[in-house]
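Reader: I've got a few "how do you know that" questions about this one. Can we go through them at the bench?

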Amino acid sequence: MKIHICADYDEMSKEAARAVAGAIRAKPQLVLAVPSGNTPKGMYQELIRMRGQNHLDFSKVKFFLLDEYVGLRPGHPQSFRAYLWSVFLNYINVRPANVYLPDESYEETTRRSGGIDLLISGIGVNGHIAFNEPGSTLDSRTRIVELADSTIELMKTTFSPRELPRQAITMGLATILEARHILLLASGSRKALILARALTGQITTDVPASVLRLHSNLTVIADEEAAAIYRRNSVDKPEPIG
Ligand code: GLP
């Protein structure tokens with residue numbers, strides 16, 4: 001595991017975007033798995049800027065969405081699909097045919113694409129990654145899951161009671177751990193406790209993010225606030241930035 005602790009959200013976003021841009025330059029036909037949530041927004045904006053300034057070419061990149069709500073009406077503005085197009089894909093030279101949404105044949109589709117080269121994930125306050133809620137099994141694959149009460153509670157701020165999804169479709173933990181390189185992003189004091197548990201606590205599916213430590217090529221990029229407790233807990237000093 002490599003850990004980069006950045007001064008703030010902006011630096012975290014730039015660091016993450018540099019990692020993605022580097023991977024695309026190294027392999028233009030990159031197979032990239034991307035997350036929902038607020039944490040990656042800054043990274044998406046930085047990648048858009050890189051597209052404009054440095055002509056970062058997304059035309060051969062394949063995008064696999066990590067997860068999606070189940071039960072939302074087609075075109076719902078809060079679907080992950082709509083979110084990703086509105087904050088990112090509409091502003092880069094992606095081919096729509098290269099954008100994949102989770103479905104029942106997702107495992108086969110990722111395999112036929114040569115497997116995921118780089119997978120970017122955020123972390124939920126309950127430790128979920130994508131929508132692998134606490135208790136998800138290590139051998140889990142892409143499937144429909146029941147959302148945890150703690151997750152639904154948080155979603156009540158963005159969904160009306162009538163539309164509030166209770167299920168989602170998500171890549172599984174086994175699917176995620178098959179990626180060649182994993183980038184875990186975390187920002188803000190809300191994530192400090194769960195990030196410390198994921199990085200220094202027991203590896204357990206009660207904290208799904210902790211199983212990422214089983215991966216041989218895990219990079220964590222966090223801002224100071226999110227890394228505060230980890231810093232206190234960790235015995236070995238993290239790699240300095242800059
Ligand atoms: C959502 C997503 C995850 C995301 C997590 C954290 O539920 N399914 O993929 O990582 O919540 O979201 P945020 O970055 O907004 O804190």
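Reader: What makes up the shell around the ligand, by class?
Author: This is a predicted model, and in it the shell has three nonpolar, six polar and two charged residues. The residues around the ligand are S36, G37, N38, T39, D67, G122, I123, H128, A130, F131 and K191. Asp and Lys count as charged, so D67 and K191 are the two charged ones. Ala, Ile and Phe count as nonpolar, so I123, A130 and F131 go there.

Reader: What makes T39 a polar contact of the ligand?
Author: The cut-off for a pair of N or O atoms is 3.5 Å. An N or O atom in the T39 side chain is 2.5 Å from a ligand oxygen, so that pair qualifies. For D67, a side-chain N or O atom sits 2.7 Å from a ligand nitrogen, and K191 has a polar side-chain atom 2.6 Å from a ligand oxygen. Both pairs fall within 3.5 Å, so they count too. Overall, the protein covers 88% of the 390 Å² of accessible area that the ligand has on its own.

Reader: Why are β9 and β10 called paired strands?
Author: Pairing takes at least two bridges, and five join β9 (residues 181-186) to β10 (residues 218-223), so they pair. One example is L184, whose bridge partner in β10 is V220.

Reader: And which strands form the open sheet, in what order?
Author: Seven parallel-paired strands, ordered β1-β10-β9-β6-β2-β3-β5. β1 (2-6) and β5 (99-100) are called edge strands because each pairs on one side only.

Terms used: Residues are numbered from 1 along each chain as its sequence is written. This is a predicted model: local features need pLDDT of at least 70, side-chain atom pairs count only at pLDDT 80 or more; totals for chains, interfaces and linings use all residues. Side-chain values use heavy atoms; hydrogens and water are left out. A residue is near a molecule or strand if one of its heavy atoms lies within 4 Å of it. A polar contact is a pair of N or O atoms within 3.5 Å; within protein, one must be able to donate a hydrogen and the other to accept it, and residues adjacent in sequence count only if both atoms are side-chain atoms. Accessible areas come from the Shrake-Rupley method with a 1.4 Å probe; for residues, only the protein chains shown count as cover. Helices (H or I, at least four residues) and strands (E, at least two) are DSSP runs, numbered from the N terminus.
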